[in-house]
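Reader: I should like to discuss the reasoning behind the descriptions of this model. Please set each value against its criterion.

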Amino acid sequence: MKIAIVGLGLIGGSIGNKLKDQNSKFKIIGIPRRKKTIDLAIKLGAIDEGTADLTAGVKEAEVVFICTPISLIIPTINRIAPYLKQGAIVTDVGSSKEQIVEQAEKIMAKGTFFVGGHPMAGKEKVKLEAAEADLFQGRTWILTPTRKTNPRAIQVISRLVVLLGGKVMQMDPKTHDLVVAVISHMPLAVAAALVNTIADEKKNREKMKKCAASGFRDTTRIASGDPELGIDMFVTNQKAVLKALGSFKKSLSRLEKAIKSGKNSAMAKELAKAKKFRDSIYR
Ligand code: NAP
């Protein structure tokens with residue numbers, strides 16, 4: 001099977017690494033922007049061959065993974081659609097889905113198929129150098145088929161996700177966007193605001209910086225991610241992110257009220273509720 005990966009960064013590189021580890025019957029074609037990236041990806045064992053020519057690169061592929069920044073996913077599908085071979089399946093890894101799936105389904109030519117996807121894996125370090133074959137091991141990989149999605153295409157992508165170490169979960173694009181707004185995009189906004197609270201501190205900022213230990217590091221880790229990826233999340237999932245931030249503000253002001261009241265029982269109610277729920281996620 002010939003598999004093309006457009007965009008060889010953390011996610012694209014990790015997909016290539018794992019697929020090459022898994023099965024020598026796959027031929028992995030990497031399609032980055034620059035020749036330099038092709039050489040590095042071959043050296044790191046993420047691809048078999050590469051080209052910076054997008055349309056030539058996807059021509060022979062049975063499956064195309066689009067792993068570019070979110071804002072480039074639809075422009076990329078637009079460019080490759082006329083060159084895909086019959087039966088080809090395109091999937092993406094973008095962190096928001098509703099807009100992408102809606103537009104991709106309109107663009108795909110007859111006899112070629114699209115399945116929206118989003119691996120729930122990542123780290124604050126991005127780019128190809130940070131790629132690792134085990135990035136998706138045991139992680140949920142959301143697929144967002146719609147009524148229009150071809151069943152064989154879902155099956156093929158699901159099988160590849162399993163080979164990548166992921167656990168397939170299906171949901172519709174709108175539900176996906178609501179879910180990731182709450183568990184991924186809103187936390188990024190909160191982590192950034194948390195860090196900026198200290199960055200804006202005039203008098204004791206340096207002391208705070210020196211004293212910040214593992215608690216602060218754990219709470220704010222995602223604020224060290226690539227700002228471009230964050231902007232893409234907020235722009236393409238604006239409605240759901242704003243809704244999630246609204247809920248967060250309500251939750252924060254409940255806690256604020258409890259602290260203001262000075263009543264242990266009021267504070268315990270909020271903190272115990274959070275502990276119980278968090279402990280049920282990360283046992
Ligand atoms: P990344 O490490 O920055 O990689 C993005 C790659 O896309 C870079 O290698 C970049 O090339 C390449 N690229 C940019 N424009 C391109 C173009 N026109 N043609 C071909 N390649 C192009 O980012 P990433 O973390 O892998 O994220 C990629 C996608 O994965 C995004 O859609 C994101 O929403 C999704 N995602 C990310 C995470 C995460 O935690 N990072 C998790 C799940 C999903 P250069 O190296 O030349 O800049």
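Reader: Which residues are the closest to the ligand, and how many residues surround it?

Author: In this predicted model, 25 residues surround the ligand. The closest are Arg33, Arg34, Thr68, Ser95 and Lys127. A residue belongs to this group if one of its heavy atoms lies within 4 Å of the ligand. By class, the shell has 14 nonpolar, seven polar and four charged residues.

Reader: What makes the approach of leucine 10 to the ligand a polar contact?

Author: A backbone N or O atom of leucine 10 is 2.8 Å from an oxygen atom of the ligand. A polar contact is a pair of N or O atoms within 3.5 Å, so this pair qualifies. A polar backbone atom of leucine 8 lies 3.3 Å from a ligand oxygen, and for a backbone N or O atom of isoleucine 70 the distance to a ligand oxygen is 3.4 Å. The protein buries 87% of the 880 Å² that the ligand exposes when taken alone.

Reader: Why is helix α4 called roughly parallel to helix α5?

Author: Helix α4 (residues 73-80) packs against helix α5 (residues 98-107) at an angle of about 10 degrees, with the axes 10 Å apart. Angles under 35 degrees count as roughly parallel, and α4 is therefore roughly parallel to α5.

Reader: Which residues make the contact of α4 with α5?

Author: From α4 come Ile73, Ile74, Ile77 and Asn78, and from α5 come Ile100, Gln103, Ala104 and Ile107. Six of these residues are nonpolar, two are polar and none is charged.

Key:
Residues are numbered from 1 along each chain as its sequence is written. This is a predicted model: local features need pLDDT of at least 70, side-chain atom pairs count only at pLDDT 80 or more; totals for chains, interfaces and linings use all residues. Side-chain values use heavy atoms; hydrogens and water are left out. Axes are lines fitted to C-alpha atoms, for helices over the stretch in contact, and angles run from 0 to 180 degrees between N-to-C directions. Helices (H or I, at least four residues) and strands (E, at least two) are DSSP runs, numbered from the N terminus. Angles under 35 degrees count as roughly parallel, over 145 as roughly antiparallel, 65 to 115 as roughly perpendicular and the rest as oblique. Contact means heavy atoms within 4.5 Å. Ala, Val, Leu, Ile, Met, Phe, Trp, Tyr, Cys and Pro count as nonpolar, Asp, Glu, Lys and Arg as charged, and the others, Gly among them, as polar. A polar contact is a pair of N or O atoms within 3.5 Å; within protein, one must be able to donate a hydrogen and the other to accept it, and residues adjacent in sequence count only if both atoms are side-chain atoms. Accessible areas come from the Shrake-Rupley method with a 1.4 Å probe; for residues, only the protein chains shown count as cover.
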